[in-house]
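The following note sets out comments on the model for a colleague's consideration. The points are numbered, and each may be read against the coordinates.

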Amino acid sequence: MFKTKDIKRNLEKNKYIEKATIKKQFGNIINIDIKEYKEIASTKDNKIILSNGIQIDNTYELTDIPVLINQIEDPKIYKHFTKKFAIA
């Protein structure tokens with residue numbers, strides 16, 4: 001038997017997943033809703049910038065997102081950048 005909280009915790013370990021909601025329904029049906037962070041840009045060193053500002057490896061070799069060619073050193077500017085691009 002599995003516990004929904006364990007499944008939720010394991011799903012939310014994935015850096016792409018912002019929130020997972022798991023609901024059991026009558027008849028052994030399980031609904032899993034997942035809210036993901038958006039990919040907003042990639043970097044020259046093959047990282048993906050997610051809408052929460054975290055950079056992850058481009059393991060899926062995404063090419064259909066903007067490429068950030070300069071590094072943003074200032075944390076305030078980086079936060080502003082990710083916030084503005086996330087709503088686009």
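1. K47 and its salt bridge. K47 counts as partly exposed, at 25% relative accessibility. Its side chain meets that of D57 in a salt bridge, with an N to O distance of 2.6 Å. K47 belongs to strand β4 and D57 to strand β5, ten residues apart, and the pair thereby links distant parts of the chain. D57 is likewise classed as partly exposed, with a relative accessibility of 45%. It should be kept in mind throughout that this is a predicted model.

2. The neighbourhood of N58. N58 is placed in the loop between β5 and β6. With a relative accessible area of 8%, N58 is buried, because the limit for that class is under 20%. A polar atom of the N58 side chain lies 2.8 Å from the backbone nitrogen of L62. Leaving aside residues up to four places away in sequence, N58 touches N46, K47 and I48. K47 therefore appears twice in this account: as a contact of N58 and, being within 4 Å, as a salt-bridge partner of D57.

3. Other salt bridges. The structure holds four salt bridges, and two besides the K47 pair deserve comment. E18 forms one with K35, the closest N and O atoms being 3.7 Å apart. E18 lies in strand β1 and K35 in strand β2, so this pair ties together parts 17 residues apart in sequence. Both partners are partly exposed: E18 has a relative accessible area of 34%, and K35 a relative accessibility of 48%. In another, the side chains of E12 and K8 meet at 3.0 Å, N to O. E12 is partly exposed at 30%, and K8 is also partly exposed at 30%.

4. Geometry and start of helix α2. At 1.5 Å a residue, the twelve residues of α2 should span 16 Å, and the end C-alpha atoms are indeed 16 Å apart, which agrees. D74 caps the N-terminal end of α2, with a side-chain oxygen 2.9 Å from the backbone nitrogen of K76.

5. The two faces of α2. Which residues of α2 are buried? They are Y78, F81 and T82. These residues cover an arc of only 90 degrees around the axis, which puts them on the same side of α2. They pack against β3 (39–43), β4 (47–50), β5 (55–57) and β6 (67–68). The face turned away from this buried side carries the exposed residues K76, K79 and K83.

6. An aromatic pair within α2. The structure holds two aromatic pairs. F81 and F85 form one that is tilted, at 4.5 Å centre to centre and with 40 degrees between the planes. Both residues lie in helix α2 (residues 75–86), four residues apart, about one turn of the helix. An α-helix has 3.6 residues a turn, so residues three or four places apart point the same way. The two rings nevertheless belong to residues of unlike burial class: F81 is buried, at 13% relative accessible area, whereas F85 is partly exposed, at 35%.

7. The loop residue F26. F26 is found in the loop between β1 (17–25) and β2 (29–36). Is F26 buried or exposed? F26 counts as exposed, because its relative accessibility of 82% is over 50%. The C-alpha atoms of F26 and P66 are separated by 44 Å, the two residues being 40 residues apart along the chain.

Note on methods: Residues are numbered from 1 along each chain as its sequence is written. This is a predicted model: local features need pLDDT of at least 70, side-chain atom pairs count only at pLDDT 80 or more; totals for chains, interfaces and linings use all residues. Side-chain values use heavy atoms; hydrogens and water are left out. Rings of Phe, Tyr and Trp (its six-membered ring) pair if their centres lie within 6.5 Å; planes under 30 degrees apart count as stacked, over 60 as edge-to-face and the rest as tilted. Buried means under 20% relative accessible area, exposed over 50%, partly exposed in between (1.4 Å probe, protein chains only). The expected span of a helix is 1.5 Å times one less than its number of residues. The arc is that of the directions from the helix axis to the C-beta atoms. Contact means heavy atoms within 4.5 Å. A polar contact is a pair of N or O atoms within 3.5 Å; within protein, one must be able to donate a hydrogen and the other to accept it, and residues adjacent in sequence count only if both atoms are side-chain atoms.
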